[in-house]
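Subject: Handover of a structure, with findings

Dear colleague,

Please find below the structure I am handing over to you. My account of what was found in it follows directly after.

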Amino acid sequence: QTRSSGINAEYAGIDRYPRRVTKAMSKDTIKKRTKLKPFVKFVNVNHLMPTRYQVDIDLKKVVDESAIKASPADVKKAVRKIFEDRYLNQKDVKSEKKATGVKYFFDKLRF
């Protein structure tokens, strides 16, 4: 199926969010609880809704249409690694606005 680049957008997000971690937990437990499950999709641009939050995660090198068609599992693994690294290094953010966006990005939405 061909997709025109102007109408559809490739985007990545989190399917299964990391679980809560406390100081009393061991390193192995923390490692298990910080795993997450990403997704990569094509969506019509009209269905995307912008938010006031900004996240400085660059996925352009990993997520592109040809890579997704060739091996979607490898793309998801690469996105998962990027997301997990960013989740574990949230304190390295310089900008206050982007720090708020990262915190919002990794929180599960409650409806």
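I begin with one acidic residue: D85 is partly exposed, with a relative accessible area of 36%. Please note that the structure is a predicted model, and that every value in this message was computed from it.

D85 takes part in a salt bridge with K81, in which the closest N and O atoms are 3.4 Å apart. Both residues belong to helix α3 (residues 72-88), where they stand four residues apart, about one turn of the helix. K81, at a relative accessible area of 54%, is exposed. As a general matter, side chains of opposite charge can pair when their charged atoms come close.

**Other salt bridges**

The structure holds four salt bridges. Among them is the pair E65 and K69, whose side chains meet at 3.6 Å, N to O. These two residues are four apart in helix α2 (residues 65-70), so about one helical turn separates them. E65 is partly exposed, with a relative accessible area of 22%, whereas K69 is exposed at 54% relative accessibility.

A further salt bridge joins D107 and K103, with 3.8 Å between the closest N and O atoms. D107 counts as partly exposed at 39% relative accessibility, while K103 counts as exposed at 51%.

**Overall arrangement**

The protein has four helices and two strands, and from the N terminus on its elements run β-α-β-α-α-α. Its C-alpha atoms fill a box of roughly 50 × 30 × 30 Å, taken along the principal axes. Of the 111 residues in the protein, 23% are buried. Among contacts with a separation of 6 or more, 69% are made by residues 24 or more positions apart.

**Helix α3**

Helix α3 deserves a separate description. It has 17 residues and reaches 24 Å from its first C-alpha to its last, close to the 24 Å expected at 1.5 Å a residue. Which residues of α3 are buried? They are V75, V79, F83, E84, R86 and Y87. Because these residues cover an arc of only 160° around the axis, they lie on the same side of α3. The face turned away from that buried side carries the exposed residues K77, K81 and L88. K81 is thus found on this outward face and is also the partner of D85 in the salt bridge described above.

The buried residues of α3 pack against β1 (8-16), β2 (37-44), α2 and α4 (96-105).

**The acidic residue on the buried side**

E84 lies in helix α3. At 17% relative accessibility, E84 counts as buried because that value is under the 20% limit. What does the side chain of E84 reach? It reaches the backbone nitrogen of L36, at 3.3 Å. With neighbours within four places in sequence left aside, E84 is in contact with T34, K35 and L36.

**The nonpolar core**

The largest nonpolar core has 16 residues, and those with the most contacts inside it are V40, V63, V75, V79, F83 and F106. Both β1 and α3 supply at least two residues each to this core. The largest share, four residues, comes from α3. In soluble globular proteins, nonpolar side chains tend to be buried together.

F83 illustrates how the core connects separate parts of the chain. Neighbours within four places in sequence aside, F83 is in contact with A12, G13, I14, L36, P38, I57, L59, F105 and F106. L36 therefore appears in the contact lists of both F83 and E84, contact being defined as heavy atoms within 4.5 Å.

**The loop after α3**

D92 is found in the loop between α3 and α4. D92 is exposed, with a relative accessible area of 52%. D92 and P18 are 74 residues apart in sequence, and their C-alpha atoms are 19 Å apart in space.

In brief, α3 carries buried residues on one side and supplies the largest share of the largest nonpolar core, while its opposite face holds exposed residues, including K81.

With kind regards

Definitions and conventions. Residues numbered from 1 in each chain as written. Predicted model: local features only at pLDDT ≥ 70, side-chain atom pairs only at ≥ 80, totals over all residues. Heavy atoms only, no water. Buried < 20%, exposed > 50% of the residue type's maximum accessible area, 1.4 Å probe, protein only. Polar contact = N/O pair within 3.5 Å; in protein donor to acceptor, adjacent residues only side chain to side chain. Expected span 1.5 Å × (residues − 1). Arc of directions from axis to C-beta. Core = buried A, V, L, I, M, F, W, Y, C linked by side-chain atoms within 4.5 Å.
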